[in-house]
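Colleague: Please present the model, and then let us discuss how its parts pack together.

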Amino acid sequence: MEDCFVCVCVSVCDTQSLGLEELYFPNLIHEDLTDAVTGRPYRPLSVSEARQLSAHLQEKWESASPGLSVVLPVDAHRERVISQVQSSRVVVIDGETGCGKTTRIPRFLLEEGVRDGEGATCNVLVTQPRRISAVSVAHRVAHEMGPALKSSVGYQVRLESRPPEQSGGALLFLTVGILLRKLQSNPSLKGISHVVVDEVHERDINTDLLLALLRSSLKENPDLRVVLMSATGDKQRLSDYFGGCPIVKVPGFMHPVKDRYLEDVLREMGRPVDVTPDADFVADVIEHIDRCGEPGAVLCFLPGWQDIKAVQEKLQAKRHFSSGSQMILPLHSSLSVLDQQAVFQHPQEGQRKIVLATNIAETSITIDDIVHVVDAGTHKEHNYDPRTKVSCLDTVWISHSNVTQRKGRAGRCQPGQSYHLFPRKQLDSMTTFPIPEILRTPLENLVVQAKIHSPDCKAVDFLSQVLDSPEQEAVRDAVRNLQDIGVLDKTETLTPLGERVSCMSCDPRLGKVLVLSAMFRCVLPMLSVAACLTKDPFYNSMQNRGLVNKAKEALSRSSSSDYLVFIRAVLGWRRLQHEGDREERDDYLYRHTLSKFSLRFINGLISQFSENLNEAEVVTRASECQRATSLYNEHSNQDELLKAVLLAGLYPNLIQVKKGVVTKGRFRPNSMFFRTLNGPVMLHRASVNRGKPELPSRWLTFFSAIQSNGNVFIRDSSTVHPLALLLLTDLKGDRVEVSLPGRSMVRCELSVETWELLWELRTSIQTMLYRNLNHPSNAIANSSQDGKLISLFVELLNNTDSNPSAQSSDSEVD
Ligand SMILES: Nc1ncnc2c1ncn2[C@@H]1O[C@H](COP(=O)(O)OP(=O)(O)OP(=O)(O)O)[C@@H](O)[C@H]1O
């Protein structure tokens, strides 16, 4: 009977969100400032306290009388640098590689402050682009300053922090990302005398944002000074950006480093000239150096983890390398700080150290026994296509500036050799500087950051103030995407959800998944997913791709979800940390082709995201997120709920699955066809859903897509129950519609009674979310009512068919 049915359609185009946006939740304003050195609440010293502390510091430094372990070129320019910094609030230091910028200038500034009797108000923050350099340079500076003063020096990086003992006479090395977070709770950097931005030429998105924020901090905090340092960047542009500030040139000293280009290397090795510089060739060059080169360590730059693993495997397979007289060390951003520090150790007598690194070893660090640098000439770069909204990670040629930095890792403590594995003429087509990251990545994260730091400013206006402004259309696009997922409202203000998501140090979509997962009481599995989407847990290399796929298949069982694979991999490993012995743990890693290093990093991320949820006031304590029996994990073993929450967070990242495709003029009834809002897509071979003859639902959700040869590949996906689509997606009004461009609506027919019941359930769920986002403190009071509702939802998901159309073929109207 016609009137017994209503047509239920869920609109993907009209994602106006739950209506949550309407009620603007006031900023989670930290009334109190945080001390940027110690992380404790900021308390300015009284005049007498400051005087006392300064006198104490002066005495301490005088009796410690810190020395300089070696004389460096910058030492002769100390007075010039200091007087420039005293007379101009911003100074650019143009110091050649190895002149001593990183290890000396911050210390000079601090020393001068202390000796002048102003130590109490002298606090120097030094940013580094990466964890490895922040940690290793802090160690070096502390070592040079000696045991009595080393407690004044510290570092803070993601997942690890050893700040100076106290504020006042302190030197803190930190990554740019950490300083951005500190700026949230202390925007004008009260209590900080100097911010030194090292390696400013790298032009990563965080550094560009930092420079824009420092311009406003300088206006608000008259005591703040900024020093920008680089060997290879465009100093004039930087100076112009800061109102024409002075540029101080510091000449360097490097031991001679002999350049060889591909043609020279081939000649030396007696090879033909048409060699492809692949993993085999790189391994051959390293073997050649080991056989014929002078003693000393080798540092080889490769584009990515897979290339490092490939070269490592090639080296280990060589007979020459079977004697154990070489020590091969991979160096990659996903290694823990401790594992990264292994590259600074000296090998045993007679052993040669070979470090295989990505560009993380390119700037700031000194590995003092490096004699040979091998440079493959490429690195990985994210490029974003705003048309398809897809990023691709390409291996591209480095710039001149990178070539100089890489070469500059040799010749620091002794003469060296640089093997550039590209023809000399390639230099002519390399750009002078790398393309700023801000011009080639999606901007959602940056827009959220802009909103935290400057809530009243339109994103387009805020981002027009950065050194290289992204296209206005790209910014507007990012704003629209954030509005689509309910993080920003129509006026570009952070919604209550957005306020919470802004506390999460991950992609905003993943942040939303995490916030929702706490509310749906399945937080630990989602923390694992968010961490694995940040860092792949599998031991992935070209060679063992097949093994990884098999391991994923086994973990997936019949879940049709790459996210459940992640969850099972991580939670299985965590269980063995408590219950298993070493042999069982090793066996587990081997059986599932998992990387121990990555899993350790993932564990660190899980803790960090738990802290973020606590800061966002979504959970009562960070540790509750990881306790299996906590309320926040009541439904953590409900697979359908996990998939539903993922959809709620990642929506509108939705894929429609259709069976029956016309290819090359023939209808293939059993082939699958996948489509998102932006057009047809294919499933990547890394996904467990690829090549499946049947899927249990006609809808998939996804997080990452990549572009290759003109096709868009979905890297990870999960089937979702259509009820989740009806009940959890951000919609408004009484019409729920799913439509994809160029196609008419997809309908599902329900009886009026069923629809009324579902609508009631949907309203109750939305009200629960709305209430918990706006008034988290009431969440406990409403806990049992919420509990019943979630249980009902779980029951529905578990006891209804996720692919009703499989039975009734005419329920879909095209
Ligand atoms: N850990 C270390 N062990 C031994 N020598 C070191 C160490 N760190 C620094 N040095 C010495 O100090 C010199 C200057 O290092 P520093 O990192 O301060 O230079 P920089 O000017 O910042 O160089 P770059 O721009 O290349 O990072 C090095 O070339 C090396 O001779």
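**Domains, core and helix packing**

Modeller: The chain is divided into domain 1 (4–250), domain 2 (257–438), domain 3 (499–648) and domain 4 (650–808), with bounds from an automatic or database domain assignment. This is a predicted model, in which local features need pLDDT of at least 70, side-chain atom pairs count only at pLDDT 80 or more, and totals for chains, interfaces and linings use all residues. Residues are numbered from 1 along each chain as its sequence is written.

Colleague: How many Å apart do the C-alpha centres of domain 2 and domain 3 lie?

Modeller: Domain 2 covers 257–438 and domain 3 covers 499–648. The separation of their C-alpha centres is 33 Å.

Colleague: Which helix gives the largest share of the largest nonpolar core?

Modeller: A nonpolar core is a set of buried Ala, Val, Leu, Ile, Met, Phe, Trp, Tyr and Cys residues joined through C-beta atoms within 7 Å; buried means that 20 or more other C-beta atoms lie within 10 Å of a residue's own, with C-beta atoms placed from the backbone. The largest such core has 205 residues, and those with the most contacts inside it include Val282, Leu514 and Ala530. Its largest share, nine residues, comes from helix α19 (residues 523–534), helices being DSSP runs of H or I with at least four residues, numbered from the N terminus.

Colleague: Are α18 and α19 roughly parallel or antiparallel to each other?

Modeller: The axes of α18 (residues 508–519) and α19 come within 8 Å and cross at roughly 170°; these are lines fitted to C-alpha atoms over the stretch in contact, with angles from 0 to 180 degrees between N-to-C directions. Angles over 145 degrees count as roughly antiparallel, and 65 to 115 as roughly perpendicular. The two helices α18 and α19 are therefore roughly antiparallel.

Colleague: Which residues of α19 meet α18?

Modeller: Contact requires C-beta atoms, placed from the backbone, within 7 Å. On the α18 side, the residues are Leu510, Val513, Leu514, Ser517 and Ala518. Their partners in α19 are Val523, Met526, Leu527, Ala530 and Leu533.

Colleague: How is α20 oriented to α21, roughly parallel or perpendicular?

Modeller: The axes of α20 (residues 545–556) and α21 (residues 562–579) come within 8 Å, crossing at roughly 90°. This crossing makes α20 and α21 roughly perpendicular.

Colleague: How many of the 10 residues of α14 are buried?

Modeller: Helix α14 (residues 444–453) is mostly covered. Its cover includes α5 (176–185), α6 (205–220), α15 (459–463), α16 (472–484) and α18. The number of buried residues in α14 is seven.

Terms used
A residue is buried if 20 or more other C-beta atoms lie within 10 Å of its own, exposed if 12 or fewer, and partly exposed in between; C-beta atoms are placed from the backbone. Angles under 35 degrees count as roughly parallel, over 145 as roughly antiparallel, 65 to 115 as roughly perpendicular and the rest as oblique. Two residues are in contact if their C-beta atoms, placed from the backbone, lie within 7 Å.
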